[in-house]
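Here is a short tour of how two helices sit against each other, with a look at one neighbouring residue. Have the structure open as you read.

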Amino acid sequence: MYHTPLASIFIPDDTVFTGEEEKKVTEQTASMDRDQSSVATTTTEPPSPSLLRRLVILDTTLSLHLHTLFQPLPRSLLKTLELAGDGRFFFPVAVSLLYSSSLRPILTPLLIGLLLDLLLVGVIKYIVRRPRPVYNKGMHLTVTIDHWSFPSGHSSRVCFVAAFSYLSSALIGEAVVRLKSPESRFGSNGSGKAVDFIVLIVCLWSAATSISRVLLGRHFVFDVVSGACLGVLEALFVFHFLRH
């Protein structure tokens, strides 16, 4: 683009300079013209995307690639994992087991943690308001906040349960011992191994459920990772501060 040299604006045509003055004016004019050209070039270049924007693009691309790559997986299996991680399944089961005095010390903080998770996920979804993937199909929305994708409520919920179960494995073992009949042939050693096995199954289930959220097209990868981290932090908080 053509631009008028700045020197012609500020210096009249009939101005006479000495040799030294002319040299200084020439250098200053050249510097001003370079600055003007630099400004013109800078304003015409498109701004580079921010770091957050680049991460969102990477997350979106990776999530779509994984969703497409694992299309051959049975959708019924992914839907089963979705149903197993649904809060509408968790709460009735946990409340019904509260009648057992042996399980109450474990289930009470578990229920408090699930309520805390429900609250935090809802607040974060409302603040961030990241839309779900465009290829998300056939999803039943329980509440309006479910329109938003970040973070994954399923991932935070199942990872909270898994992390809390792992932290509370000793308490679960004690509860199982109290529930056993006196004539049971399994000792405390056998109960401990059974509890460890159950906790392992719960951890594997939580990982499979979290991954299924991306494969099913419900969430992006970063939604799931953030939800999982949130669930683990909730478990640590509940175990250390709300267990008694």
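In this predicted model, helix α6 (residues 104-128) packs against α7 at an angle of about 155°, and their axes are 10 Å apart. Since angles over 145 degrees count as roughly antiparallel, α6 and α7 are therefore roughly antiparallel to each other. Their crossing is right-handed.

If you would like to find the contact on your screen, the table lists who takes part on each side.

| Helix | Residues in the contact |
|---|---|
| α6 | I106, P109, L110, G113, L114, D117, V121, K125 |
| α7 | G153, S156, R157, F160, V161, F164 |

By character, the residues of this contact divide into eight nonpolar, three polar and three charged. A reminder that helps when reading such lists: an α-helix has 3.6 residues a turn, so residues three or four places apart point the same way.

Now for α7 itself. Does its length fit its residue count, and is it buried or exposed? At 1.5 Å a residue, the 15 residues of α7 (residues 153-167) should span 21 Å, and the end C-alpha atoms are indeed 21 Å apart, so the two values agree. Of those 15 residues, 13 are buried, so α7 is largely enclosed by the rest of the structure.

Finally, L114, one of the α6 residues that meet α7, also has a partner elsewhere. F91, which lies in helix α5 (residues 87-96), touches L111, L114 and L115, leaving aside residues up to four places away in sequence. F91 and L114 are 23 residues apart in sequence, and their C-alpha atoms are 8.1 Å apart in space.

Conventions: Residues numbered from 1 in each chain as written. Predicted model: local features only at pLDDT ≥ 70, side-chain atom pairs only at ≥ 80, totals over all residues. Heavy atoms only, no water. Helix = DSSP H or I, 4+ residues; strand = E, 2+ residues; numbered from the N terminus. Expected span 1.5 Å × (residues − 1). Buried < 20%, exposed > 50% of the residue type's maximum accessible area, 1.4 Å probe, protein only. Axes fitted to C-alpha atoms, helices over the stretch in contact; angles between N-to-C directions. Parallel < 35°, antiparallel > 145°, perpendicular 65-115°, else oblique. Left-handed = near helix turned anticlockwise from the far one by under 90°. Contact = heavy atoms within 4.5 Å. Nonpolar A, V, L, I, M, F, W, Y, C, P; charged D, E, K, R; others polar.
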